[in-house]
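Q: Hi! Could you walk me through this one in plain words? I'll throw short questions at you as we go.

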Amino acid sequence: MRKNYFYLLVTLLVVLFLGCGTKRASYELKSLDGYNVLMDKSFDENKDPIADSILNVYKAHTVTILDSVIGYSKVFMDKGLREESVLGNFAADIIATAAEEIFDTKVDMGLMNRGGLRTSLPQGEITLGDIFKVFPFENHVTIVEIKGNFLKQLFEDFAATNVQCLSRVKLVIENKEIKTLLVDGKTIDNEKIYKIGTIDFIAEGNDNMKVLKNAVNRYDSPILIRDAVAKYVYNNSPVDSKKDGRIINN
């Protein structure tokens with residue numbers, strides 16, 4: 001009996017050992033597609049009663065503030081997916097301007113990640129709640145100082161993968177190769193130190209922008225990008241934005 005048990009145990013161990021060594025199937029991503037999901041009132045049609053009861057506790061304290069109109073937009077600002085977008089230009093332009101005002105210095109360009117824009121901005125009245133929907137994250141306005149050679153690498157990475165939202169830049173890409181690249185109207189000098197107005201999330205190298213970890217200096221402000229955008233809308237209403245050909249990706 002013990003002998004049979006021994007052989008059974010050995011057999012089981014052999015099977016487990018061979019099983020662990022079996023080559024597993026490998027998978028390769030062939031394509032990727034997506035679409036925008038607008039955060040609008042259509043989500044209120046089928047409410048979750050439990051979630052709704054929890055939210056109602058806080059809603060009374062916030063609805064008055066979030067529903068307050070802070071300005072107007074002349075156009076609907078679509079966030080886009082991988083191409084130049086009206087909202088992307090709007091956000092990147094504001095970041096560049098906000099960084100200059102906060103740090104009292106000139107920046108060469110603005111940079112915002114597409115993933116940080118969570119939905120589009122409506123035409124007409126803009127509420128504080130609309131700004132929260134577009135910019136829900138606690139991202140702070142930041143300046144990154146980086147040498148031109150690393151800045152070039154950043155754009156080469158964009159060309160190979162996905163171009164982010166840019167301001168004061170002219171970028172033409174064909175077949176994942178850069179054909180035209182101007183920053184503040186000039187070609188990049190490898191030895192020059194460039195100032196980028198951006199957010200702390202990007203400065204940390206996130207969203208495949210690890211090259212920014214090579215920055216020679218970084219300055220973080222206590223100002224949230226959300227607050228900077230809200231301030232801009234309030235002070236410059238009615239606001240406007242458009243595609244101007246700053247990014248051409250063929």
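Q: First up, what is the bridge partner of Val169 in S7?
A: Val183 is the bridge partner of Val169 in S7. One thing to know early: this is a predicted model, where local features need pLDDT of at least 70, side-chain atom pairs count only at pLDDT 80 or more, and totals for chains, interfaces and linings use all residues. Residues are numbered from 1 along each chain as its sequence is written, and side-chain values use heavy atoms, with hydrogens and water left out.

Q: Thanks! In which sense do S6 and S7 pair?
A: Strand S6 (residues 169-174) pairs with S7 in the antiparallel sense, over six bridges. Two strands count as paired if DSSP finds at least two bridges between them.

Q: What is the strand order in that sheet?
A: The order is S7-S6-S10, in an open sheet of three strands with mixed pairing. Strand S7 (177-183) and strand S10 (247-249) are at the edges with a single partner strand each, so one side of each has no neighbour in the sheet. On average, neighbouring strands here are turned by 5 degrees against each other, direction ignored.

Q: Which helix lies across S6 and S7?
A: Helix H5 (residues 148-160) does, running at about 135 degrees to S7. Axes are lines fitted to C-alpha atoms, for helices over the stretch in contact, and angles run from 0 to 180 degrees between N-to-C directions. Contact means heavy atoms within 4.5 Å.

Q: Zooming out, how many helices and strands does the protein have?
A: Seven helices and ten strands. Both are DSSP runs numbered from the N terminus: helices are H or I with at least four residues, strands are E with at least two.

Q: And how much of the protein is buried?
A: Of its 250 residues, 36% count as buried. Buried means under 20% relative accessible area, exposed over 50%, and partly exposed in between (1.4 Å probe, protein chains only).

Q: How many residues are in the largest nonpolar core?
A: It has 56 residues, and Leu111, Leu151, Phe155 and Leu166 have the most contacts inside it. Helix H3 (residues 86-103) gives the most to this core, with ten residues. A nonpolar core is a set of buried Ala, Val, Leu, Ile, Met, Phe, Trp, Tyr and Cys residues joined through side-chain atoms within 4.5 Å.

Q: What does Leu151 touch?
A: Leaving out residues up to four places away in sequence, Leu151 touches Met109, Ile146, Val183, Ile188, Tyr194 and Ile196.

Q: Met109 sits in S2, so which way do the residues of S2 point?
A: From strand S2 (residues 109-112), Met109 and Leu111 point one way while Gly110 and Met112 point the other, and all are buried. Met109 has Ile196 as its bridge partner in S8, and Gly110 has Ser167 in S5.

Q: New topic: how many aromatic pairs are there?
A: Three. Rings of Phe, Tyr and Trp (its six-membered ring) pair if their centres lie within 6.5 Å; planes under 30 degrees apart count as stacked, over 60 as edge-to-face and the rest as tilted. Phe90 and Tyr232 have ring centres 5.9 Å apart and planes at 75 degrees, so that pair is edge-to-face.

Q: Where do those two sit in the chain?
A: Phe90 is in helix H3 and Tyr232 in helix H7 (residues 225-236), 142 residues apart.

Q: Are they buried or exposed?
A: Phe90 counts as buried, at 3% relative accessibility, whereas Tyr232 counts as partly exposed, at 30%.
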